[in-house]
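Subject: The structure we talked about

Hello,

Here is the structure for you to look through. Please open it next to this email and follow along.

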Amino acid sequence: MWAVIAVLIVIIVVVVAAAFAGLFSPSAAPKPQLRIGVLLSQTGALSQYGPGDTKGAKLAVDQINLAGGVLGQPIIMFVEDDQTDATATVAAATKLINVNHVNAIVGAQFSGGSIPTVNSTAKKAFVPMVSPSATSPALSNLSLTGGYFFRTAPSDALQGVVAADYLYQNLSYRYVNLIARDDSYGRGLAGVVKAKFTALTGVVNTTVIIDPAAPNFDVALTQLFSTNPQAVYFVGFPGEGITVMSNWQAGLSSNPGWNRPWIFSEGLKSQAFIDQLHDPSVNVDVTKILGTAPVSPFGAIYDSFVAQYKANNSGQAPVLYADYTYDAVYLIALAAQKAGSVNGTAVRDRLRAVSEAPGTVVKPGQWSAALAALGASGGDVNWEGAAGSEDFDANGDVRGSYEVWGVDSTFQIVRVAFIPDSSIPTTAMLGSSPFGWLLTTFGSVFGVRYLSAQTVGFSRRL
């Protein structure tokens, strides 16, 4: 008995001493680190964009970590390759979620990978996805996404309207045919262009849907030009784009009816792709090409991002969607900071709040200001990003500005016309009356009027 009492006394003395020594004194446990997966096309048909876009994500992570991180901890970034392939995208996302335990995913690069990934994997794991470049209108469907999909680039529901109206109003085409890759992006954007162009009383006689993995497109091109269109709108990626255009150029001498203007979607807006087309081995007259694309607005915010990107990447200029990728990382970080948690659902639930007013405006490179504004009580912030004012709506969509682009006499991609977000009606896909742009001319470079970099606004509603 006395031995037991002695042991108990010793235990009590040790516990009391430990308590006084601070062994059991309460202290705040460190918050878990925010883990972000970057799932973009390092290889595949969109590999001309993925590596540069990933550098946009890294720039944001570097800036945030240097300024204190999220919830006092540095962000951990994991990079996977979606290969511009749906199966590979789902597999890579599964690895990011189950092995790397990410809280959010930036990606995928393309709609064809984003749709099955959010539907089968991300929403079931409660991991939000924020894509910088997946633009299919199908991704606005909450029944599909479960509210776990956001995008910093606007939906093709808007790009299709911009493209159709430019073809009809500004280029005065009345007969246009379409060629598009066989996936949700190609079919979706081609469908919107056709619907809007037809609503403007234009005629689309032929829409050719192509397998992007096909080795040759001579049959598709024969079908495309069989109804004698005035021009062709091409919805595709550089991967199949180089084969389509090589086959077209090679067939011109024996098929004079193929000699029609091409207008490209934003998936083909790559200087590297234009360089490939201009190469003597292909020999396309690229100065006759036009295209449409979502675009960052002019201004000091975007210029600041470009300077920051170049400084972080040995002077390299940002590629298409690098700014949207950068913004996606910042929005995820802001949402986690505001939520006081890296939990995926908590991040999802704050993404809309940090993207819009009210709140302290936070711009690229201003993470310290964001921390001060959010504070311990989770104040309000309003992200004004490199790609513009990305105010998420209930579907995770944003609006945005667009451009018509072309290729100048030095074979460089240039802006032909700028269509600001404020000029595109909210009910863009609901109306059917035509609209047009006020054009500011400064020269002629490739058969259409070349425009100075000034605002081009709608003069009539849709």
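Below is what was found in it, from the whole chain down to single residues.

**The whole protein**

Keep in mind that this is a predicted model. The protein has 14 helices and 16 strands. It has 462 residues, and 53% of them count as buried. About 18100 Å² of the protein is exposed. Carbon and sulfur atoms supply 57% of that area.

Next, the contacts. Take those between residues at least 6 apart in sequence. Of these, 72% join residues at least 24 apart.

**Two packed helices**

Two packed helices are described by the angle between their axes and the distance between the axes. Try this on helix 2 (residues 50-66) and helix 11 (residues 300-312). Their axes are 10 Å apart, and the angle is about 95°. That makes helix 2 roughly perpendicular to helix 11, because angles from 65 to 115 degrees get that label.

Which residues meet there? Helix 2 brings Gly52, Lys55, Gly56, Leu59, Asp62 and Gln63. Helix 11 brings Phe305, Gln308, Tyr309 and Asn312. By type, the contact of helix 2 with helix 11 has 3 nonpolar, 5 polar and 2 charged residues.

**Aromatic rings**

How many aromatic pairs does a search of the whole structure find? It finds 20. Look at one of them, Phe234 with Phe264. The ring centres are 5.8 Å apart. The ring planes sit at 80°, so the pair is edge-to-face; the cut-off for that label is over 60 degrees.

Now place the two residues. Phe234 lies in strand 8 (residues 231-235), and Phe264 lies in strand 9 (residues 262-264). The pair therefore ties together parts that are 30 residues apart in sequence. Phe234 and Phe264 are both buried.

Phe234 and Phe264 also belong to a cluster linked by ring pairs. Its other members are Phe225, Trp248, Trp258, Trp262, Phe273 and Trp405.

**Backbone points to check**

Most residues other than glycine have a negative phi, and most peptide bonds are trans. Here are some exceptions to look up.

- A cis peptide bond joins Gly107 and Ala108, with omega about 0°. Ala108 is in the loop between strand 3 (104-107) and helix 4 (111-125).
- Ala357 and Pro358 are also joined by a cis peptide bond, with omega about 0°. Pro358 is in the loop between helix 13 (344-355) and strand 11 (360-362).
- Gln83 has a positive phi, near 60°. It sits in the loop between strand 2 (76-81) and helix 3 (86-98). Gln83 has 41% relative accessibility, so it counts as partly exposed.
- His101 has a positive phi too, near 55°. Look for His101 in the loop between helix 3 and strand 3.

**Three residues up close**

Start with Ser136. It is in the loop between strand 4 (129-131) and helix 5 (142-145). Is Ser136 buried or exposed? Its relative accessible area is 2%, so Ser136 is buried; the limit for that is under 20%. Leave out residues up to four places away in sequence, and Ser136 touches Ser111, Ile115, Arg151, Ser155, Asp156, Ser184 and Tyr185.

Go on to Gln412. Find it in the loop between strand 13 (401-407) and strand 14 (413-419). Its relative accessible area is 37%, so Gln412 is partly exposed. What does Gln412 touch, not counting residues up to four places away in sequence? The list is Gln271, Gly406 and Val407. Gln271 is 141 residues away from Gln412 along the chain. Yet the C-alpha atoms of Gln412 and Gln271 are separated by 6.9 Å.

Finish with Arg415, in strand 14. At 19% relative accessibility, Arg415 counts as buried, because the limit is under 20%. Arg415 and Gly291 are 124 residues apart in sequence. In space, Arg415 and Gly291 are 9.5 Å apart, C-alpha to C-alpha.

Best wishes

Technical notes:
Residues numbered from 1 in each chain as written. Predicted model: local features only at pLDDT ≥ 70, side-chain atom pairs only at ≥ 80, totals over all residues. Heavy atoms only, no water. Axes fitted to C-alpha atoms, helices over the stretch in contact; angles between N-to-C directions. Helix = DSSP H or I, 4+ residues; strand = E, 2+ residues; numbered from the N terminus. Parallel < 35°, antiparallel > 145°, perpendicular 65-115°, else oblique. Contact = heavy atoms within 4.5 Å. Nonpolar A, V, L, I, M, F, W, Y, C, P; charged D, E, K, R; others polar. Buried < 20%, exposed > 50% of the residue type's maximum accessible area, 1.4 Å probe, protein only. Areas by Shrake-Rupley, 256 points an atom, 1.4 Å probe, with all protein chains shown as cover. Phe/Tyr/Trp six-rings, centres within 6.5 Å; stacked < 30°, edge-to-face > 60°.
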